[in-house]
Amino acid sequence: MTKITNICCIGAGYVGGPTMSVIAQKCPDIKVTVVDLNEARIAAWNDPDTANIPIYEPGLDKVVAEARGRNLFFSTDVDEAIDEAEMIFISVNTPTKTYGSGKGMAADLKYIELCARQIARVAKTDKIVVEKSTLPVRTAEAVKNILQNTGNNVNYQILSNPEFLAEGTAVEDLHSPDRVLIGGDTTEEGQAAIQALVDIYTRWVPRDRVLTTNLWSSELSKLTANAFLAQRVSSINSLSELCEHTGADVSEVARAIGTDSRIGPKFLKSSVGFGGSCFQKDILNLVYIARSYGLREVADYWEQVIIMNDHQKRRFANKIVKTLYNTVSSKKIAFLGWAFKKDTNDTRESAAIYVADDLLNEQAGIAVYDPKVAETKIYDDLDYLNTRPSDANKQLLTVYTDPYEVCKDAHAIAILTEWDEFKDYDWQRIYDNMKKPAFVFDGRSLLNVDKLKEIGFKVYTIGRE
Ligand code: NAD
Ligand code: UDX
């Protein structure tokens with residue numbers, strides 16, 4: 001297989017954008033073109049001021065500034081980029097299906113299939129096609145089938161190279177990954193294709209961190225990794241409820257078990273519930289796959305991770321209602337944070353959306369401040385749930401751009417995202433301007449409880465009596 005000099009990536013989203021920017025940064029001799037159908041997104045990636053790129057990730061603006069225009073390009077001309085490239089990454093979205101069979105569970109692979117058909121139509125020279133999107137195990141078989149049966153008789157090799165970056169730390173994770181996983185065919189041609197991709201990553205990743213497997217192990221490992229991570233969060237969250245009934249403190253329990261080197265300290269932070277575009281979608285997909293093989297116990301086992309997460313979000317909203325004397329009707333509840341975690345402007349599946357929806361059902365007036373999430377996004381998130389008309393959402397929920405204004409005259413504050421800046425606010429000033437008694441519901445165990453109590457707040461922290 002020839003040395004790769006030209007890469008195309010279909011999909012300029014949270015994965016395609018950052019991963020290709022880093023590949024371009026580390027391999028200045030390889031031309032990397034990221035393409036997308038979404039013109040506004042591509043225009044934002046091309047904005048001369050890198051502060052306006054469409055994804056907020058610490059450090060990403062600098063990487064883009066270094067490589068863009070040199071060997072990194074963003075374009076809407078998908079055909080041209082496919083035609084020129086020797087290696088094509090597919091990094092399009094694979095959301096949970098919202099229709100037909102598998103609705104609400106299976107991954108919707110229509111965008112993947114469209115990409116495969118487009119590659120087959122356009123390609124005139126041999127290509128290595130790399131699955132970067134998270135896909136159900138054995139998707140490569142379908143991709144291969146489409147390419148080989150509808151193409152122009154060119155040779156294709158399919159690789160699976162799932163992405164393990166976490167949002168908020170994407171650049172760091174890409175610069176220094178725990179591992180890079182590459183799956184491919186066991187044939188000689190398959191191994192050569194794997195080697196071509198290994199040669200790209202080993203420009204900056206130590207060789208022993210680049211794992212190579214067969215296609216199916218690679219595809220399944222991605223779903224498994226997310227399921228294991230989410231399972232840890234649901235496990236500690238399940239115990240947070242028990243802590244609240246017994247006087248144990250969930251952060252002390254997490255520390256105590258996390259120091260066992262077999263358990264380890266990460267992903268044991270109790271919270272209002274995990275969010276993000278991956279965990280729920282990938283576990284639902286895993287459950288669906290297990291059911292489709294008739295593996296009922298396996299499916300039920302993993303489904304419980306989602307059930308526990310839904311329970312945790314609902315429990316938080318219920319706690320607010322119950323504590324505020326069983327009614328939040330017409331009361332102002334200030335939300336600090338809307339993103340699904342700190343250091344990202346992504347709100348997909350954020351716990352804040354569901355907690356807000358529950359409280360809006362109770363006729364609360366919600367006021368939101370998030371340092372990075374735009375007002376339109378917040379309304380779109382709520383409208384997407386379809387619980388009530390869009391007008392009603394706009395009437396009941398107000399978005400603020402100032403943290404002190406959002407808390408002014410509020411009956412309660414709920415911390416939904418662990419943004420660092422929340423810790424440094426003038427909490428005395430916030431207290432003075434709130435209705436009394438002034439409540440704080442800390443869904444992220446972020447704030448100093450003793451300090452807040454000293455000021456006069458009534459504080460609820462997840463996992464503490
Ligand atoms: P995204 O929605 O941010 O980006 C996907 C992009 O693909 C969109 O901009 C869309 O317009 C574009 N697209 C869809 N079909 C297209 C087509 N036919 N031609 C050109 N462009 C097309 O999604 P994302 O968060 O980047 O996720 C992409 C994949 O990576 C998913 O499978 C996801 O599960 C996986 N993943 C995501 C993360 C994460 O942190 N977001 C991490 C690891 C893996
Ligand atoms: C996740 C995986 O970590 C990453 O490897 C994969 O590529 C994509 O999915 P991401 O969703 O971006 O990444 O963020 P992550 O840090 O995993 O957090 C997911 C959710 O779990 C967030 O809502 C976060 O707040 C929550 N979480 C995480 C907890 O509640 N407690 C924890 O201890 C860790």
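Where is the place of T19? T19 sits in helix α1, which spans residues 16–26. Before going on: this is a predicted model.

Let me stay with T19 for a moment. Is T19 buried or exposed? T19 has 23 other C-beta atoms within 10 Å, and the cut-off for buried is 20 or more, so T19 counts as buried. If we leave aside its neighbours within four places in sequence, the residues in contact with T19 are K132, E163 and L174. Take E163 from that list. Along the sequence, T19 and E163 are 144 residues apart, yet their C-alpha atoms are 8.5 Å apart in space.

Next, strand β5, residues 127–131. Why do we say that β5 is largely enclosed by the rest of the structure? Because 5 of its 5 residues are buried. Look at which way they point. K127, V129 and E131 face one way from β5, while I128 and V130 face the other way. As a general point, side chains in a regular strand alternate between the two faces of the sheet.

Now the partners of β5. Strand β4, residues 87–90, runs parallel to β5, and 4 bridges join the two. Within that pairing, I88 is opposite V129 of β5. Strand β6, residues 156–160, also runs parallel to β5, with 5 bridges between them. Here V130 has L159 in β6 as its bridge partner.

How do the helices fit in? Helix α5, residues 110–122, goes with β4 and β5 to make a right-handed β-α-β unit. Another right-handed β-α-β unit is made by β5, helix α6 (residues 139–150) and β6. So much for the strands.

On to ligand 2. How many residues surround ligand 2? There are 19, and the closest are K269, S271, F274, G276 and C278. By type, the shell has 11 nonpolar residues, 4 polar and 4 charged. Which helix gives the most to this shell? That is helix α9, residues 215–246, with 3 residues.

Last, the C-terminal part. An unreviewed UniProt entry annotates residues 334–449 as "domain: UDP-glucose/GDP-mannose dehydrogenase C-terminal". That label comes from the record. In the model, the stretch 334–449 is 35% helix and 16% strand. The C-alpha atoms at its two ends are 18 Å apart.

To go back to the start: T19 is in helix α1, and it is buried.

Note on methods
Residues are numbered from 1 along each chain as its sequence is written. Chains are lettered from A and ligands numbered from 1 in the order in which they are written. This is a predicted model: local features need pLDDT of at least 70, side-chain atom pairs count only at pLDDT 80 or more; totals for chains, interfaces and linings use all residues. A residue is near a molecule or strand if its C-beta atom, placed from the backbone, lies within 6 Å of it. Ala, Val, Leu, Ile, Met, Phe, Trp, Tyr, Cys and Pro count as nonpolar, Asp, Glu, Lys and Arg as charged, and the others, Gly among them, as polar. UniProt positions are given in the numbering used here, feature names are shortened, and annotations may be inferred rather than shown by experiment. A residue is buried if 20 or more other C-beta atoms lie within 10 Å of its own, exposed if 12 or fewer, and partly exposed in between; C-beta atoms are placed from the backbone. Two strands pair if DSSP finds at least two bridges between them. A crossover is right-handed if, with the strands pointing away from the viewer, the path from the first strand over the helix to the second runs clockwise. Two residues are in contact if their C-beta atoms, placed from the backbone, lie within 7 Å.
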